[in-house]
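Dear colleague,

I am handing over the structure we discussed, and you will find it just below. My notes on what turned up in it follow after that.

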Amino acid sequence: MTPTSYPDFASLPDATSLYQSLLQHIRTQFPDPASLAIIGIHSGGAWLAERLAQDLQVEKLGFIDVSFYRDDYAARGLHADVKPSQIGFAVDAATILLVDDVLYTGRTTRAAINELFDYGRPARICLAALLDRGGRELPIAADFVAATVSLPDSQSLVLQRAADGQLSLSLDSKPADHA
């Protein structure tokens, strides 16, 4: 399944439609997800991971915050909303679906993989992202992506979750935080 491409943010569909597309793509590759473990990257990836675990009926669900694993930690500093990583299952020999909201430079994904290896050695790590905006600085590609979008470096996409659980996307006009 090829992700839908959107040349600009104005034509981007809503986050719920993107999520449904991502879910369907993952279901086709994992028809029996019982052996799958899902780990979401805080914060947007964690929200998606929660929903994927529920919809795929996956029991092994974890969350990681890669703040201390980023290679630009010294330059960026520590965000005020750092959350603890929570992985309550054995990572050794597991098939991990690593979930992030927006794939950009690849630095967040690299940091997440580094952190995962502190927990053990997975048999396989697949990457799922709601959106891929290009701009890779590292050789990282998502196995599952709902859509691709082109944005200037001065803009970033932000996934938000309302109190009722509804997801939405907004555009932020500052340097991208999502890698």
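The buried residues of helix H2 are Gly-44, Gly-45, Ala-46, Leu-48, Ala-49, Leu-52, Ala-53 and Leu-56. Please bear in mind while reading that this is a predicted model. The helix itself covers residues 44-56, and its 13 residues reach 18 Å from the first C-alpha to the last, close to the 18 Å expected at 1.5 Å a residue. As background to that list of buried positions, an α-helix has 3.6 residues a turn, so residues three or four places apart point the same way.

What follows H2, and what is the sign of its phi? The residue is Gln-57, and its phi is positive, near 55°, although Gln-57 is not a glycine. For context, most residues other than glycine have a negative phi. Gln-57 sits in the loop between H2 and strand S3 (60-64), and it counts as exposed because its relative accessibility is 69%, where the cut-off for exposed is over 50%.

A second residue other than glycine with a positive phi is Ala-93, for which the value is near 65°. Ala-93 lies in the loop between helix H3 (73-76) and strand S4 (95-103), and with a relative accessibility of 61% Ala-93 counts as exposed.

Turning to the strands, S7 (residues 156-161) and S8 (residues 167-172) run antiparallel and are joined by six bridges, and one pairing to look at is that of Arg-161, whose bridge partner in S8 is Leu-167. The hairpin that S7 and S8 form has five residues between the strands, and in this hairpin Gly-165 takes a positive phi near 90°.

The last residue I would like to point out is Asp-132, which belongs to strand S5 (residues 124-132). Is Asp-132 buried or exposed? Asp-132 counts as buried, because its relative accessibility is 13% and the cut-off for buried is under 20%. The side chain of Asp-132 reaches the backbone nitrogen of Gly-134 at a distance of 2.8 Å. If neighbours within four places in sequence are left aside, the residues in contact with Asp-132 are Leu-103, Val-145, Ala-147, Thr-148 and Val-149.

With best wishes

Technical notes
Residues are numbered from 1 along each chain as its sequence is written. This is a predicted model: local features need pLDDT of at least 70, side-chain atom pairs count only at pLDDT 80 or more; totals for chains, interfaces and linings use all residues. Side-chain values use heavy atoms; hydrogens and water are left out. Two strands pair if DSSP finds at least two bridges between them. Helices (H or I, at least four residues) and strands (E, at least two) are DSSP runs, numbered from the N terminus. The expected span of a helix is 1.5 Å times one less than its number of residues. Buried means under 20% relative accessible area, exposed over 50%, partly exposed in between (1.4 Å probe, protein chains only). A polar contact is a pair of N or O atoms within 3.5 Å; within protein, one must be able to donate a hydrogen and the other to accept it, and residues adjacent in sequence count only if both atoms are side-chain atoms. Contact means heavy atoms within 4.5 Å.
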